[in-house]
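I opened the model to look up how the protein chains meet and how they sit against the DNA. My entries follow the order in which I checked things.

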2 protein chains.
Amino acid sequence: MTAATRSTIAELAAQLRPSLLRLTRMIRNQRADTSVTLTQISTMATLRKRGPMSAGELAACERVQPPSMTKILAHLEERGFVRRKPHPSDRRQAIISITEAGNALYDSEQRSREAWLTQRLGALTGEERAQLRAVVPLLDRLAEH
Amino acid sequence: MTAATRSTIAELAAQLRPSLLRLTRMIRNQRADTSVTLTQISTMATLRKRGPMSAGELAACERVQPPSMTKILAHLEERGFVRRKPHPSDRRQAIISITEAGNALYDSEQRSREAWLTQRLGALTGEERAQLRAVVPLLDRLAEH
DNA sequence: TATTGTTATACTCTATAACTATA
DNA sequence: TATAGTTATAGAGTATAACAATA
């Protein structure tokens with residue numbers, strides 16, 4: 001890799017960081033439903049997509065530390081959106097899964113046409129949305145441990 | 001727009017949100033320099049790119065409320081990374097600009113090859129980075145007011 | 001001993017409401 | 001009165017350190 005290439009990559013990083021930050025800020029605030037936060041929705045999405053798992057695994061998926069996941073799960077469990085089942089062989093762990101109510105809440109969030117980000121995406125062209133769609137796996141790879 | 005298209009857009013939103021959230025989380029934490037936060041760096045980047053402006057304009061650029069910008073600027077000014085000059089005709093406002101020290105800090109941040117995101121981006125292919133580069137303006141448009 | 005998860009604690013980020021100074 | 005910015009206050013988000021339970 002040439003020095004010029006490295007410098008270009010650093011520049012991309014410098015462009016990407018503020019843009020990600022500002023968009024995430026907007027998404028957090030524009031959320032319509034106030035009973036669950038973006039962080040909590042993200043955790044529910046992971047449970048839906050990857051199925052039941054332990055608190056530690058969830059924390060790893062969400063890129064938060066275990067104590068943060070403890071808090072997220074306490075909130076969701078209190079409202080009946082997730083449940084815990086004992087692990088079959090390890091009593092330290094519990095297997096967390098999303099409940100009917102959690103799925104329903106998630107669906108209504110996702111389907112809502114008024115959802116801010118969905119509206120915003122609708123203002124882009126199909127090709128621009130395709131570009132974004134292609135980039136989602138890259139964002140996930142960047143966020144890997 | 002068909003119902004199927006709308007549903008696809010909602011799905012994209014649902015994929016994009018957690019991915020943005022998790023990557024932003026990682027970026028916030030992996031930051032090497034502890035004297036300025038991601039939020040503060042982003043504000044300095046805006047001052048560099050768009051030139052001196054008032055606190056209110058900066059808040060709008062950064063998509064934060066004015067009191068949040070007050071705090072950000074207090075921190076940066078205290079450390080000498082930005083300075084205020086009186087507005088020529090309106091004594092309520094001050095014009096904020098980045099200082100030499102602020103530019104130097106920003107440069108060292110951006111150039112650092114060890115910077116976490118830069119390293120991560122280096123692990124992608126050139127084409128993948130080009131995809132990300134193309135998407136930055138879209139992220140900015142999504143975050144517009 | 002090592003691992004899983006929780007509790008205790010604290011700091012960052014950010015907002016809303018109320019206020020001050022100036023226009 | 002309206003606008004620009006700050007102060008006061010509070011809640012969300014997240015981390016590290018210390019602890020408890022189990023493996």
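Entry 1, a single contact to start from. I looked up R22(A) and found its side chain in a salt bridge with that of E62(B), at 2.9 Å from N to O. I counted a salt bridge where a side-chain nitrogen of Lys or Arg lies within 4 Å of a carboxyl oxygen of Asp or Glu. By that rule six salt bridges cross the interface of chain A and chain B, and the structure holds 14 over all chains.

Entry 2, conventions. I am working from a predicted model, in which local features need pLDDT of at least 70 and side-chain atom pairs count only at pLDDT 80 or more, while totals for chains, interfaces and linings use all residues. Residues are numbered from 1 along each chain as its sequence is written, chains are lettered from A and ligands numbered from 1 in the order in which they are written, and side-chain values use heavy atoms, with hydrogens and water left out.

Entry 3, the fold of chain A. I listed seven helices and three strands, taken as DSSP runs numbered from the N terminus (helices H or I, at least four residues; strands E, at least two). From the N terminus the order is α-α-β-α-α-β-β-α-α-α. The C-alpha trace of chain A spans about 55 × 40 × 20 Å along its principal axes. Inside the chain I noted a salt bridge between the side chains of D107(A) and R48(A), 2.9 Å from N to O. This pair links distant parts of the chain, with D107(A) in helix α5 and R48(A) in helix α2, 59 residues apart.

Entry 4, extent of the interface. I found 61 residues of chain A in contact with 61 residues of chain B, contact meaning heavy atoms within 4.5 Å. The area buried between the two chains is about 6200 Å², and carbon and sulfur atoms give 67% of it. Buried area here is the accessible area (1.4 Å probe) that two parts lose on being put together, summed over both. R17(A), R22(A) and L142(A) supply 12% of the area that chain A buries against chain B, more than any other three residues.

Entry 5, make-up of the interface. I counted 19 residue pairs in polar contact across it, both residues at pLDDT 80 or more. A polar contact is a pair of N or O atoms within 3.5 Å; within protein, one must be able to donate a hydrogen and the other to accept it, and residues adjacent in sequence count only if both atoms are side-chain atoms. On chain A, the helices that each supply at least two residues to the side touching chain B are α1 (3–30), α2 (38–50), α3 (55–62), α5 (100–111), α6 (116–122) and α7 (126–142). The largest share, 23 residues, comes from α1(A). That side of chain A divides into 31 nonpolar, 13 polar and 17 charged residues. For these classes, Ala, Val, Leu, Ile, Met, Phe, Trp, Tyr, Cys and Pro count as nonpolar, Asp, Glu, Lys and Arg as charged, and the others, Gly among them, as polar.

Entry 6, symmetry. How is chain A laid on chain B? I needed a turn of 180° and a shift of 0.0 Å along the axis, with an RMSD of 0.1 Å. The two copies are thus related as by a two-fold rotation axis. The C-alpha of L20(A) is the one in chain A nearest the axis, 3.3 Å from it. I superposed by least squares on the C-alpha atoms of residues with pLDDT of at least 70 in both copies. I also checked that 100% of the interface residues of chain A are interface residues in chain B, so the copies meet through the same surface.

Entry 7, DNA strand C. Of the 24 residues around this strand, T70(A), R84(A), R92(A), S68(B) and R91(B) come nearest; I took a residue as near if one of its heavy atoms lies within 4 Å. Of the strand C atoms within 4 Å of the protein, 69% belong to sugar or phosphate and the rest to bases. A polar side-chain atom of R25(A) lies 2.9 Å from a phosphate oxygen, and a polar backbone atom of G56(A) lies 2.8 Å from a phosphate oxygen. On the base side, I noted a base oxygen 3.5 Å from an N or O atom in the side chain of R92(B).

Entry 8, DNA strand D. Here S68(A), R91(A), T70(B), R84(B) and R92(B) are the closest of 24 surrounding residues. A phosphate oxygen of strand D is 2.7 Å from a side-chain N or O atom of T70(B), and a backbone N or O atom of Q65(A) lies 2.8 Å from a phosphate oxygen.
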